Amino acid sequence: MKFFADTAEIDDIKELAATGLLDGVTTNPSLIAKSGRDFMEVTKEICGITDGPVSAEVVALDHATMMKEAEVLRKIADNVCIKVPLTIDGLKTCNALTADGTMVNVTLCFSANQALLAAKAGATFISPFVGRHDDNGSNGMDLIRDIRHIYDNYAFDTEILVASVRHATHVLESALIGADVMTAPPAVIKGLFKHILTDKGIEGFLADWEKTGQSIL
Ligand code: G3P
C-alpha cells in the first residue's frame with residue numbers, strides 16, 4: 001500500500017520523505033489555507049521533494065473553469081495530480097484530463113456508486129473520506145470494502161486512495177482490505193512507527209549493553 005502525506009507543511013513532508021516511505025502528497029484548499037503559503041509556490045516546492053503524485057485541487061465548480069484551472073496547475077510540475085470534486089462537472093473534467101494523460105484524483109467520495117462513476121470517468125485515484133464517513137454515523141471502512149469489491153469485479157485501474165484517515169486502525173484496515181493508497185496527516189503516519197514494547201525493548205537492551213562496558217565505535 002502506498003503512503004501519501006495529507007498536508008502542505010514542508011517540514012513534515014521533508015521529514016517523511018527522508019524515511020523513504022513517502023509515495024506522494026495530497027493537499028486540499030483547507031490544508032493550503034492552514035499552511036499560510038501561496039498555493040502555486042508551496043505546490044511547486046512539494047513537487048520537488050517527492051517524485052510521487054502531488055494532488056492539487058481545483059476550486060471552480062463548472063467544467064470549463066475547472067479545465068482552465070487544471071491547465072495552470074498541471075504546468076507546476078510533471079508529478080502534479082489534478083484533484084476534482086465528485087460532481088458531474090468534476091467527472092467531466094476527470095474524463096477530459098485523463099484522456100490527455102493527466103493524473104486525476106477524484107475527491108469527496110462518500111458512496112460506492114460515486115466511486116463506480118469515478119472509475120468509469122477514468123480517474124487515476126478515487127478518494128473516499130473514511131473519517132468523515134465515521135463522523136456521520138456510517139462505517140468508512142465498509143465503503144472501502146465495497147469499492148474494492150466493485151473495482152475488482154470489473155478490473156478497474158483506478159486506485160483506491162483512502163482519505164480522511166484519522167488513526168492507525170484506518171491504516172491497518174485499509175491494508176487488510178487491499179486499498180492501493182492511504183493518505184494521512186503526518187502525525188498519524190509517524191504514530192505508526194511507535195509501539196510501547198519497542199520502546200521498552202530498546203530501554204532494556206541499552207541497560208544491559210551499558211553493563212558490558214563495551215562500545216561499537
Ligand atoms: O484527504 C482528505 C482529508 O484532508 C480530509 O480529512 O480529517 O478533514 O476529514 P479530514
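User: Why is Ile10 called buried in this model?

Analyst: The model is a predicted one. Ile10 has a relative accessibility of 10%, and buried means under 20%, so Ile10 counts as buried. Ile10 belongs to helix H1, residues 10-18.

User: What is Ile10 in contact with, leaving aside its neighbours within four places in sequence?

Analyst: Its partners are Arg37, Val42, Glu45, Ile46 and Ile49. Cys109 is 99 residues from Ile10 in sequence, and the two C-alpha atoms are 27 Å apart.

User: Glu57 carries a charged side chain. Why is Glu57 counted as buried or exposed?

Analyst: Its relative accessibility is 11%. The limit for buried is under 20%, so Glu57 counts as buried. Glu57 lies in strand E3, residues 54-57. Outside its neighbours within four places in sequence, Glu57 is in contact with Thr27, Asn28, Pro29, Phe39, Leu73, Lys83 and Thr107.

User: What makes the phi of Leu108 worth a remark?

Analyst: Phi of Leu108 is near 60°, a positive value, and the residue is not glycine. Most residues other than glycine have a negative phi. Leu108 sits in strand E5, residues 104-109.

User: Why is Leu108 called partly exposed?

Analyst: The relative accessible area of Leu108 is 33%. Buried is under 20% and exposed is over 50%, with partly exposed in between, so Leu108 is partly exposed.

User: Which class does Ala155 fall into, and why?

Analyst: Ala155 is at 60% relative accessibility. Exposed means over 50%, so Ala155 counts as exposed. Ala155 is in the loop between H8 and strand E7 (159-162). Ala155 also has a positive phi, of about 50°, although it is not a glycine.

User: How do you know that H4 is oblique to H5?

Analyst: Helix H4 (residues 63-74) and helix H5 (residues 88-99) pack at an angle of about 45°, and their axes are 9 Å apart. Roughly parallel needs an angle under 35 degrees and roughly perpendicular needs 65 to 115. The angle of H4 and H5 fits neither, so H4 is oblique to H5. The crossing of H4 past H5 is right-handed.

User: Which residues make the contact of H4 with H5?

Analyst: H4 contributes His63, Met66, Met67, Ala70 and Arg74. From H5 come Asp89, Gly90, Lys92, Thr93, Ala96 and Leu97. By class, this contact has five nonpolar, three polar and three charged residues.

User: Why are H6 and H8 called oblique to each other?

Analyst: Helix H6 (residues 112-120) packs against H8 at about 40°, with the axes 9 Å apart. Angles under 35 degrees would count as roughly parallel, and 65 to 115 as roughly perpendicular. The angle of H6 with H8 lies outside both ranges, so the pair is oblique. H6 passes H8 in a right-handed crossing.

User: What residues meet there, and how do they divide by class?

Analyst: In H6 they are Ala112, Ala115, Leu116 and Ala119, and in H8 they are Leu143, Asp146, Ile147, Ile150 and Tyr151. The contact of H6 with H8 has eight nonpolar residues, no polar ones and one charged.

User: What makes H8 roughly parallel to H9?

Analyst: The axes of H8 and helix H9 (residues 168-177) cross at roughly 20° and come within 10 Å. Angles under 35 degrees count as roughly parallel, so H8 is roughly parallel to H9. H8 passes H9 in a right-handed crossing.

User: Which residues form the contact of H8 with H9?

Analyst: They are Met141, Ile144, Arg145 and Arg148 of H8, with His170, Glu173, Ser174 and Ile177 of H9. Three are nonpolar, two are polar and three are charged.

User: Which residues have the most contacts inside the largest nonpolar core?

Analyst: They are Val106 and Ile126, in a core of 55 residues. Helix H8 (residues 140-154) gives the most to this core, with six residues. Another core lies apart from it and has five residues, including Phe4, Cys81, Leu161 and Val181.

User: What does Ile126 touch beyond its neighbours within four places in sequence?

Analyst: Ile126 is in contact with Leu86, Asn105, Val106, Cys109, Ala115, Ala118, Tyr151, Thr158, Glu159, Ile160 and Leu161.

User: How many of the residues of the whole protein are buried?

Analyst: Buried residues make up 45% of the 217 residues. The protein has eleven helices and eight strands.

Definitions and conventions
Residues numbered from 1 in each chain as written. Predicted model: local features only at pLDDT ≥ 70, side-chain atom pairs only at ≥ 80, totals over all residues. Heavy atoms only, no water. Core = buried A, V, L, I, M, F, W, Y, C linked by side-chain atoms within 4.5 Å. Buried < 20%, exposed > 50% of the residue type's maximum accessible area, 1.4 Å probe, protein only. Helix = DSSP H or I, 4+ residues; strand = E, 2+ residues; numbered from the N terminus. Contact = heavy atoms within 4.5 Å. Axes fitted to C-alpha atoms, helices over the stretch in contact; angles between N-to-C directions. Parallel < 35°, antiparallel > 145°, perpendicular 65-115°, else oblique. Left-handed = near helix turned anticlockwise from the far one by under 90°.
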